[in-house]
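Here is a short, friendly tour for someone meeting this structure for the very first time. Take a look at the picture, then read on.

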Amino acid sequence: LGKQDYKKTRPMLRATRLKAEAKKTALGVKEVALVLAAILVFLLAFYVFFYLNVSNEVDLDLDPDEN
């Protein structure tokens, strides 16, 4: 009762442990995609902010009724 057919050798136990640790610490595809999406959204917002500021300044400089 409760007897194992075989006993795992030390290298097998070590390999199993290393595999489990690697699985815990490995970054998944979902996490990488979320980080890349966040960076892309930040860069897009940065670009839109400066685009709108520059376009408003150009419109003010080209005011034809200033003369």
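## A walk along the chain

Let's begin with Glu 21, which counts as partly exposed because its relative accessibility is 41%. Keep in mind that this is a predicted model. Glu 21 has a partner: it forms a salt bridge with Arg 17, and the closest N and O atoms of the two are 3.7 Å apart. Arg 17 is partly exposed too, with a relative accessible area of 46%. Both residues sit in helix H1, which covers residues 10–25, and they are four residues apart, or about one turn of the helix. How many salt bridges does the structure hold? Just the one.

Now step back to the whole chain. The protein chain has two helices and zero strands. How much of the protein chain counts as buried? Of its 67 residues, 0% do. The accessible surface of the protein chain comes to about 7200 Å², and 65% of that belongs to carbon and sulfur atoms.

On to the other helix. Helix H2 spans residues 29–61, and Phe 49 is one of the residues in it. The UniProt record, an unreviewed entry, places a "transmembrane region" at residues 32–52. In the model, residues 32–52 are 100% helix and 0% strand, with the end C-alpha atoms 30 Å apart.

There is also a nonpolar patch on the surface, of about 1100 Å². Its makers are Leu 27, Val 32, Val 35, Leu 36, Ile 39, Phe 42, Leu 43, Phe 46, Phe 49 and Phe 50.

The Phe residues of that patch deserve a closer look, so here is how accessible each one is, given that over 50% counts as exposed and 20% marks the lower end of partly exposed.

| Residue | Relative accessible area | Class |
|---|---|---|
| Phe 42 | 57% | exposed |
| Phe 46 | 47% | partly exposed |
| Phe 49 | 48% | partly exposed |
| Phe 50 | 41% | partly exposed |

Their rings meet as well. A pair of aromatic rings is described by the distance of the centres and the angle of the planes. The count of aromatic pairs comes to four. One of them joins Phe 42 and Phe 46: the ring centres are 6.3 Å apart and the planes meet at 25°, so this pair is stacked. Phe 42 and Phe 46 both lie in helix H2, four residues apart, which is about one turn of the helix. Phe 49 and Phe 50 make another aromatic pair, this one edge-to-face, with 5.2 Å from centre to centre and 80° between the planes.

Which residues do the ring pairs link into a cluster? They are Phe 42, Phe 46, Phe 49 and Phe 50, and these four names also appear among the residues of the nonpolar patch.

How values were computed
Residues are numbered from 1 along each chain as its sequence is written. This is a predicted model: local features need pLDDT of at least 70, side-chain atom pairs count only at pLDDT 80 or more; totals for chains, interfaces and linings use all residues. Side-chain values use heavy atoms; hydrogens and water are left out. Patches are made of residues with over 30% relative accessible area and no salt bridge: like charges are joined within 9 Å, nonpolar side chains (Val, Leu, Ile, Met, Phe, Trp, Tyr) within 5 Å. Accessible areas come from the Shrake-Rupley method with a 1.4 Å probe; for residues, only the protein chains shown count as cover. A salt bridge is a side-chain nitrogen of Lys or Arg within 4 Å of a carboxyl oxygen of Asp or Glu. UniProt positions are given in the numbering used here, feature names are shortened, and annotations may be inferred rather than shown by experiment. Rings of Phe, Tyr and Trp (its six-membered ring) pair if their centres lie within 6.5 Å; planes under 30 degrees apart count as stacked, over 60 as edge-to-face and the rest as tilted. Buried means under 20% relative accessible area, exposed over 50%, partly exposed in between (1.4 Å probe, protein chains only).
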